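Dear colleague,

I am handing over the structure below, together with some notes on what was found in it. Please read the notes with the coordinates open beside you.

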Amino acid sequence: YLVIALRVKADLQPILTVIGINLLFTVIGRSFISWQGHLGGFLGGVATAAIIAYAPRSSRSVVQWAGLGLVTVVLVVLAFVRAGQLA
């Protein structure tokens, strides 16, 4: 929602409020909430939304598929790296 709001130049106040509240809950509930998971989800969501929202019109499908494919590959590689660290 943040990326789309930026794209269409909408009012950011409501979404920034929700993001701030979520950040607050993550920091306050540190003992049982993974801040790393929240940060990763936020950054992954921003990257994915940006790929979809900012793809140029002339080659939209190609850029979107390639970008989302790249995000998927990065996530799979990171999962394998983390699994290797835990083994």
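I begin with Gln 64, which, once its neighbours within four places in sequence are set aside, is in contact with Ile 51, Ile 52 and Ala 55. Please keep in mind throughout that this is a predicted model. Of those partners, Ile 52 also takes part through its backbone, since its backbone oxygen lies 2.9 Å from a polar atom of the Gln 64 side chain. Gln 64 itself belongs to helix α4, and with a relative accessibility of 19% it counts as buried, because the cut-off for that class is under 20%.

The helix that carries this residue can be checked for its length. Helix α4 covers residues 60-86, and its 27 residues, at 1.5 Å a residue, should span 39 Å; the C-alpha atoms at its ends are 39 Å apart, so the expected and computed values agree. The buried residues of α4 are Gln 64, Gly 67 and Val 71, and the element against which these buried residues pack is α3, residues 35-53.

Gly 67, which is likewise found in helix α4, has a relative accessible area of 14% and is therefore buried. Its C-alpha atom is separated by 8.4 Å from that of Ile 52, a residue 15 positions away along the chain, and Ile 52 is also the residue whose backbone oxygen lies 2.9 Å from the side chain of Gln 64.

Two pockets may be of interest to you, and I take the second largest before the other, as it involves the helices just described. The second largest pocket has a volume of about 160 Å³, and the elements that give two or more residues to its lining are α3 and α4. Its lining consists of Gly 40, Leu 43, Gly 44, Ala 47, Thr 48, Val 71, Val 74, Leu 75 and Leu 78, and α3 gives the most to it, with five residues. By class, this lining has six nonpolar and three polar residues, and no charged ones. Val 71, one of the residues in that lining, is also among the buried residues of α4.

The largest pocket has a volume of about 280 Å³, and the elements that give two or more residues to its lining are α2, residues 13-28, and α3. The residues that line this largest pocket are Ile 15, Val 18, Ile 19, Asn 22, Leu 23, Thr 26, Val 27, Trp 35, His 38, Leu 39 and Phe 42. The largest share of that lining, seven residues, comes from α2, while the division by class is eight nonpolar, three polar and no charged residues.

Among the residues lining the largest pocket is Thr 26, which has its place in helix α2 and is buried, with a relative accessible area of 6%. The side chain of Thr 26 reaches the backbone oxygen of Asn 22 at 2.9 Å, and Asn 22 is itself included in the lining of the largest pocket. Leaving aside neighbours within four places in sequence, Thr 26 is in contact with Ile 33, Trp 35 and His 38; of these partners, Trp 35 and His 38 are also listed among the residues that line the largest pocket.

With kind regards

Methods: Residues numbered from 1 in each chain as written. Predicted model: local features only at pLDDT ≥ 70, side-chain atom pairs only at ≥ 80, totals over all residues. Heavy atoms only, no water. Helix = DSSP H or I, 4+ residues; strand = E, 2+ residues; numbered from the N terminus. Expected span 1.5 Å × (residues − 1). Buried < 20%, exposed > 50% of the residue type's maximum accessible area, 1.4 Å probe, protein only. Contact = heavy atoms within 4.5 Å. 1 Å grid on protein atoms, 1.4 Å probe; cavity = no way out; pocket = protein on both sides within 12 Å on 5 of 7 lines; lining within 4 Å. Points joined across faces, edges and corners; volume = space filled by probe spheres on them. Nonpolar A, V, L, I, M, F, W, Y, C, P; charged D, E, K, R; others polar. Polar contact = N/O pair within 3.5 Å; in protein donor to acceptor, adjacent residues only side chain to side chain.
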